[in-house]
Amino acid sequence: HAVVEIIRNQFPGYENKRFTFIGINKMNHTIMNFLKSNVHNSFLLCNRSFDKALELQNQFNCHAYRLDHLKKALEHSDFVISGTSAPHAIIKKEHIPAQASLTIFDLAVP
């Protein structure tokens with residue numbers, strides 16, 4: 001809920017921004033459901049299990065990416081919402097494109 005409120009209140013024009021989600025879980029589902037009805041662009045979904053990401057591609061009108069293609073996904077992003085259970089950092093410096101202006105919400109709970 002907090003992420004949705006921050007996006008709505010702090011980022012006017014978020015409806016026209018590009019979102020990338022990392023991880024498939026209840027928290028990200030909730031945010032994706034909100035965005036599905038409020039964002040004009042489709043969004044990207046990166047997940048360790050590409051098959052799970054593909055299953056959600058039609059449901060959320062999103063584009064599935066393999067996690068090892070994260071850099072490519074971030075090249076097309078304004079916002080990143082990461083919510084995984086990984087015990088290590090998922091987004092690394094080399095994943096972030098030069099000159100990128102990203103807002104990253106790290107909701108990971110390892």
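**Note on the predicted model: cysteines, strands, cores and helix α3**

1. The count of disulfides in this structure comes to zero. The model is a predicted one. The sulfur of C46 has its closest cysteine sulfur in C62, at 9.9 Å, which is too far for a bond; a disulfide would need the two sulfur atoms within 2.5 Å. For C62, likewise, the closest cysteine sulfur is that of C46, and 9.9 Å is too far for a bond. Both cysteines are nevertheless shielded: C46 counts as buried because its relative accessibility is 0%, and C62 is buried with a relative accessible area of 4%.

2. Strand β4 covers residues 79-82. It pairs with β1 (residues 19-22) in the parallel sense over four bridges, and F79 of β4 is the bridge partner of F19. β4 also pairs with β5 (residues 103-106), again in the parallel sense and over four bridges. In that second pairing, S82 stands opposite D106 of β5.

3. Which residues of β4 point one way, and which the other? F79 and I81 share one direction, while V80 and S82 take the other, and all are buried. As background, side chains in a regular strand alternate between the two faces of the sheet.

4. The largest nonpolar core comprises 23 residues, and those with the most contacts inside it are F19, F21, I31, L35, F43 and I81. Two or more residues each come from α1 (2-10), β1, α2 (26-38), β2 (43-47), α3 (50-59), β3 (62-66) and β4. Of these elements, α2 gives the most, with four residues. In general terms, nonpolar side chains tend to be buried together in soluble globular proteins.

5. What does F21 contact beyond its neighbours within four places in sequence? The list consists of N28, I31, M32, L35, F43, L44, L45, C46 and I81. Among these partners, I31, L35, F43 and I81 also belong, as F21 does, to the residues with the most contacts inside the largest core. Apart from that core lies another, of ten residues, among them L44, C46, V80 and I90. The side chains of β4 may be read against this: I81 is in the largest core, whereas V80 is in the ten-residue core.

6. H95 is found in the loop between β4 and β5. Is H95 buried or exposed? At 18% relative accessibility, H95 counts as buried, since the threshold for that class is under 20%. A polar atom of its side chain lies 3.5 Å from the backbone oxygen of I90. Leaving out residues up to four places away in sequence, H95 touches L70, K71, L74 and I90. I90 is itself a member of the ten-residue core.

7. Helix α3 has F50, A53 and L56 as its buried residues. Seen down the helix axis, these residues fall within an arc of 120 degrees, so they line one face of α3. Residues three or four places apart in an α-helix point the same way, because there are 3.6 residues a turn. What covers the buried residues of α3 includes α2, β2 and β3. On the other side of the helix, D51, E55 and N58 are exposed. Just after α3, N61 takes a positive phi of about 50 degrees.

Technical notes
Residues are numbered from 1 along each chain as its sequence is written. This is a predicted model: local features need pLDDT of at least 70, side-chain atom pairs count only at pLDDT 80 or more; totals for chains, interfaces and linings use all residues. Side-chain values use heavy atoms; hydrogens and water are left out. Buried means under 20% relative accessible area, exposed over 50%, partly exposed in between (1.4 Å probe, protein chains only). Two strands pair if DSSP finds at least two bridges between them. A nonpolar core is a set of buried Ala, Val, Leu, Ile, Met, Phe, Trp, Tyr and Cys residues joined through side-chain atoms within 4.5 Å. Contact means heavy atoms within 4.5 Å. A polar contact is a pair of N or O atoms within 3.5 Å; within protein, one must be able to donate a hydrogen and the other to accept it, and residues adjacent in sequence count only if both atoms are side-chain atoms. The arc is that of the directions from the helix axis to the C-beta atoms.
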